[in-house]
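Below are some notes on the strand pairing and on what lies against the sheet. Please read them with the structure open.

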Amino acid sequence: MLARPGPDAGEVAWDNYLHLRDNPAGVTEELWQHDGGCGSWLVVTRDTVSHVISKVEMAADVKRAMQAAS
Ligand SMILES: [Zn+2]
């Protein structure tokens, strides 16, 4: 999860926030939008090495489940 730096954070903190991302090799969860379709947001579980997609869930359903669990 990205943590937005405070307004007075230095250049390095803002550079990291804006430009640097983890690039994991293996199974990861990604947020995709059905742009050009219904516009829904999806949580896609994908292996970044093989590109095999093992699970797709509606992001709204995942969010509801997270809120119910907390
Ligand atoms: Zn759709």
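1. Two strands count as paired if DSSP finds at least two bridges between them. That criterion underlies the hairpin and sheet described here, in what is a predicted model.

2. The sheet is open and has 3 strands in the order β1-β2-β3, with antiparallel pairing. Its edge strands are β1 (27-33) and β3 (53-58), each of which pairs on one side only. On average, and ignoring direction, neighbouring strands of this sheet are turned by 20° against each other.

3. How many bridges hold β1 and β2 in register? Strand β2 (residues 41-47) pairs with β1 over 7 bridges, in the antiparallel sense. One point to check by eye is Glu30, whose bridge partner in β2 is Val44.

4. On the other side, β2 and β3 run antiparallel and are joined by 5 bridges. Here Val43 has Glu57 of β3 as its bridge partner.

5. The hairpin of β2 and β3 has 5 residues between the strands. Within this hairpin, His51 takes a positive phi near 65°, a value to look up when the backbone is inspected.

6. Which strands does helix α2 lie across? Helix α2 (residues 59-69) lies across β1, β2 and β3, and runs at about 75° to β3.

7. Strand β3 deserves a separate remark on burial. A residue is called buried if 20 or more other C-beta atoms lie within 10 Å of its own. By that count β3 is hardly covered: of its 6 residues, the number buried is 0. This is also the edge strand that spans 53-58.

Notes. Residues are numbered from 1 along each chain as its sequence is written. This is a predicted model: local features need pLDDT of at least 70, side-chain atom pairs count only at pLDDT 80 or more; totals for chains, interfaces and linings use all residues. Helices (H or I, at least four residues) and strands (E, at least two) are DSSP runs, numbered from the N terminus. Axes are lines fitted to C-alpha atoms, for helices over the stretch in contact, and angles run from 0 to 180 degrees between N-to-C directions. Two residues are in contact if their C-beta atoms, placed from the backbone, lie within 7 Å. A residue is buried if 20 or more other C-beta atoms lie within 10 Å of its own, exposed if 12 or fewer, and partly exposed in between; C-beta atoms are placed from the backbone.
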